[in-house]
Amino acid sequence: MKTIIEETYEGMSRMAARIVADEIRKKPDMVLGLATGGTPLGMYKELIRIHKQEGLDFSRVITFNLDEYYGLSPDNEQSYHYYMYENFFKHINIKPENIHIPDGTVEDINEFCEEYDREIQRVGGIDLQVLGIGRNGHIGFNEPGDELITETHVTTLTEETRIANARFFGKLENVPEKAVTMGLGTIMKAKKILLLASGREKAGIMSELLSDTNVTTKVPASFLHLHPDTTVIMDRDSAMELLAKKL
Ligand code: F6R
């Protein structure tokens, strides 16, 4: 795993956007895996700037989002659908038919999940997957546990994750208990992975993740140690404990 530490959140965001933009320029019809949450917001802002000022072309890019809350309809302001359109898609020239986000409202959710993985394969697999990380080490919504599920599936969010995300919902009771997420195998099949971490609240997990190369289902992100092309980009706050250990 290659690790890059940037001084600030803005620096981390610019570096991430530059890597994504370079990949799109190299392969204009690339398949891009995307994350939501607080961490990638700066990267989306910078990608929008590159699109507007430098003409980065998204017209042939195909995207697949990692996850969505179960039961939230796409027009719900807390849904990841809504987040993606507001913070990214409506500002760039991506084609709506090239956007894929799990739908947490379909009746046959298991069939939907299987089809999501099939669709990823049909377009040739994910070229670059952007990830954030939960304080408990989750990636997508693959939460720590005794086992991890490989395919896209419905999962139950941990209390810790619901508390962390309550900031977007006003109060904890409003945070859905379930989500649809790409599985660990879906993520690991991406040709290239970019893991972003920012802020002091991620310092503990980043230190745990990067202090050794062991793999455990208790820290789902640790499986990235087995991936041949993963780059971690952190800001200094999230690298604090790791750097303190190394001194
Ligand atoms: C979001 C996702 C989650 C987040 C993680 C960190 O699509 O898959 O794994 O990346 O919960 O969230 P933030 O960035 O809000 O700290």
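The shell of residues around the ligand comprises 3 nonpolar, 8 polar and 3 charged members. The model described here is predicted.

**Ligand site**

In total, 14 residues surround the ligand, and the closest of them are Thr 39, Asp 67, His 138, Gly 140 and Lys 202. The ligand occupies the space of the largest pocket.

Three side chains place a polar atom close to an oxygen atom of the ligand, as listed below.

| Residue | Side-chain atom | Ligand atom | Distance |
|---|---|---|---|
| Asp 67 | polar atom | oxygen | 2.5 Å |
| His 138 | N or O atom | oxygen | 2.6 Å |
| Arg 167 | polar atom | oxygen | 2.9 Å |

On its own, the ligand has 410 Å² of accessible area, of which the protein covers 94%. Asp 67 and His 138, which appear in the table, also belong to the closest residues named above.

**Sheet**

The strands include an open sheet of 7, arranged in the order β1-β10-β9-β6-β2-β3-β5 with parallel pairing. At its edges stand β1 (2–6) and β5 (99–100), each of which pairs on one side only.

The partner of the edge strand β1 is β10, which spans residues 230–235; the two strands pair in the parallel sense over 5 bridges. Within this pairing, Ile 4 has Ile 233 of β10 as its bridge partner.

Key. Residues numbered from 1 in each chain as written. Predicted model: local features only at pLDDT ≥ 70, side-chain atom pairs only at ≥ 80, totals over all residues. Heavy atoms only, no water. Near = heavy atom within 4 Å. Polar contact = N/O pair within 3.5 Å; in protein donor to acceptor, adjacent residues only side chain to side chain. Areas by Shrake-Rupley, 256 points an atom, 1.4 Å probe, with all protein chains shown as cover. 1 Å grid on protein atoms, 1.4 Å probe; cavity = no way out; pocket = protein on both sides within 12 Å on 5 of 7 lines; lining within 4 Å. Sits in = over half its atoms within 2 Å of the grid points. Nonpolar A, V, L, I, M, F, W, Y, C, P; charged D, E, K, R; others polar. Pairing = 2+ DSSP bridges. Helix = DSSP H or I, 4+ residues; strand = E, 2+ residues; numbered from the N terminus.
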